[in-house]
Amino acid sequence: MHAVGKAAPAEARAADGVVLFEQGEHRWVWLGADEDEDEGVSANQFLVQHGGRGCLLDPGSVLDFARTVANLSRYAQPSELDYLFFSHQDPDVSSAIPMWAGITTARLVMPRVWTRFLPHFGEYDQKRMLEIPDAGGRFTLAGAPLEVVPAHFLHSTGNILLYDPTARFLFTGDIGASVMPHGKETLYVEDFERHRPYLEGFHRRYMASNVACRDFVRRVSRLSIDAIVPQHGAIFRGPQVGHFLSWLEGLRCGVDLLGEMYGA
Ligand code: FE
């Protein structure tokens with residue numbers, strides 16, 4: 001397995017952030033999640049850093065903004081962010097867009113199909129957009145390559161993931177998202193079979209179809225992945241990556257279950 005520098009202990013889920021990977025000037029930081037949040041869905045935010053510059057992944061909602069800015073400031077200043085990466089358009093990913101756009105000069109990376117809706121946030125500057133076409137793309141963070149992997153319909157119509165070949169981390173947005181019982185949240189998945197119930201309800205209802213799942217697993221199988229990092233819940237690392245992808249490949253979900261949904 002690829003070395004993961006300064007990996008946090010499995011039980012760690014500190015409120016103020018955890019360094020997940022560090023190698024030279026390259027770093028991944030989990031910026032925490034509000035475990036006591038009574039409103040909305042508890043969401044993870046992640047920071048990728050290279051050469052003193054940063055890319056914030058799924059910056060989050062207005063509910064997350066104050067905590068994320070506070071935790072970010074332990075690792076980077078907002079002025080050091082070159083990119084804000086949005087996997088899709090959901091409010092828990094994107095409702096704080098005007099606030100993040102206001103405190104940074106970062107470019108906004110998002111699927112092209114969603115950019116036409118940006119003016120509805122009340123602010124839109126085409127020069128700051130990095131629109132990702134359906135086929136995906138690449139960009140660099142202070143010279144470090146980052147690959148945008150499309151995963152449309154999982155769950156959003158336009159849905160993108162971020163693969164970092166330096167850390168061998170794949171940020172998957174809602175793919176792999178879990179809802180763990182309050183008080184039992186862990187940073188990493190330790191036992192896939194025990195974790196599976198926390199994935200099942202969300203993936204069966206929100207992911208579009210088994211066709212989309214199988215296509216996704218086939219395309220990411222070419223990547224060397226040490227960790228799958230979702231926007232909600234625990235991170236898959238080491239052997240848990242394969243366990244999760246095998247499960248997803250066989251999952252019946254979305255339109256596969258239309259009959260059951262309507263009781264037919
Ligand atoms: Fe979503």
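Asp 58 is buried, because its relative accessibility is 0%. The model here is a predicted one. Asp 58 sits in the loop that runs between strand E4 (53-57) and helix H1 (65-72). Its backbone is notable too: phi is near 45 degrees, a positive value in a residue other than glycine.

Phe 153 also has a positive phi, near 75 degrees, and is likewise a residue other than glycine. This residue belongs to the loop between E9 and E10. Phe 153 counts as partly exposed because its relative accessibility is 43%, and the partly exposed class lies between 20% and 50%.

The loop has a further backbone feature. Leu 154 and His 155 are joined by a cis peptide bond, with omega at about -5 degrees. His 155 lies in the loop between strand E9 (144-150) and E10.

His 155 leads to the metal site. The iron ion is coordinated by His 88 through NE2, Asp 90 through OD, His 155 through NE2 and Asp 174 through OD. The distances run from 1.9 to 2.3 Å. Along the chain, these donor residues follow the spacing H-x1-D-x64-H-x18-D. His 88 and Asp 174 link distant parts of the chain, 86 residues apart. His 88 is in the loop between strand E5 (81-85) and helix H2 (91-94). Asp 174 is in the loop between strand E11 (169-173) and H5. Both of these residues are buried.

What is the geometry around the iron ion? The four donor atoms subtend angles of 83 to 164 degrees, so the arrangement is irregular. A tetrahedral site would need all angles between 85 and 135 degrees, so this range does not qualify.

Next comes the nonpolar interior. The largest nonpolar core has 31 residues. Ile 175, Phe 216, Phe 244 and Leu 248 have the most contacts inside it. Strand E10 (160-164), helix H5 (192-206), H6 and H7 each supply at least two residues of this core. Apart from it lies another core, of 29 residues, including Leu 141, Leu 146, Val 229 and Ile 235.

Ile 175 shows how the larger core draws on separate stretches of sequence. Leaving aside residues up to four places away in sequence, Ile 175 touches Ala 151, Leu 154, Asn 159, Leu 161 and His 203, among others. Its contacts also include Met 207, Phe 216, Pro 230, Phe 244 and Leu 248.

Two of the helices that supply this core also meet each other. The axes of helix H6 (residues 210-220) and helix H7 (residues 239-249) come within 8 Å. They cross at roughly 145 degrees. From H6, the contact uses Asn 210, Cys 213, Arg 214, Phe 216, Val 217 and Val 220. From H7, it uses Leu 245, Leu 248 and Glu 249. By class, six of these residues are nonpolar, one is polar and two are charged.

Arg 218 also lies in helix H6. Is Arg 218 buried or exposed? Its relative accessibility is 55%, so Arg 218 counts as exposed. Arg 218 and Leu 245 are 27 residues apart in sequence, and their C-alpha atoms are 9.5 Å apart in space.

Tyr 124 takes us to another loop, between helix H4 (112-115) and strand E7 (129-132). Tyr 124 counts as partly exposed because its relative accessibility is 33%. It touches Thr 115, Leu 118, Pro 119, Met 129 and Glu 131, not counting residues up to four places away in sequence. Tyr 124 and Pro 98 are 26 residues apart in sequence and 8.9 Å apart in space, C-alpha to C-alpha.

Methods: Residues are numbered from 1 along each chain as its sequence is written. This is a predicted model: local features need pLDDT of at least 70, side-chain atom pairs count only at pLDDT 80 or more; totals for chains, interfaces and linings use all residues. Side-chain values use heavy atoms; hydrogens and water are left out. Axes are lines fitted to C-alpha atoms, for helices over the stretch in contact, and angles run from 0 to 180 degrees between N-to-C directions. Helices (H or I, at least four residues) and strands (E, at least two) are DSSP runs, numbered from the N terminus. Contact means heavy atoms within 4.5 Å. Ala, Val, Leu, Ile, Met, Phe, Trp, Tyr, Cys and Pro count as nonpolar, Asp, Glu, Lys and Arg as charged, and the others, Gly among them, as polar. A nonpolar core is a set of buried Ala, Val, Leu, Ile, Met, Phe, Trp, Tyr and Cys residues joined through side-chain atoms within 4.5 Å. Buried means under 20% relative accessible area, exposed over 50%, partly exposed in between (1.4 Å probe, protein chains only). Donors are N, O and S atoms within 2.8 Å of the metal (3.2 Å for Na, K and Ca); water is not among the atoms, so sites may look incomplete. Four donors count as tetrahedral if all angles lie between 85 and 135 degrees; four count as square planar and six as octahedral if opposite donors are over 155 degrees apart and all others between 65 and 115; anything else is irregular.
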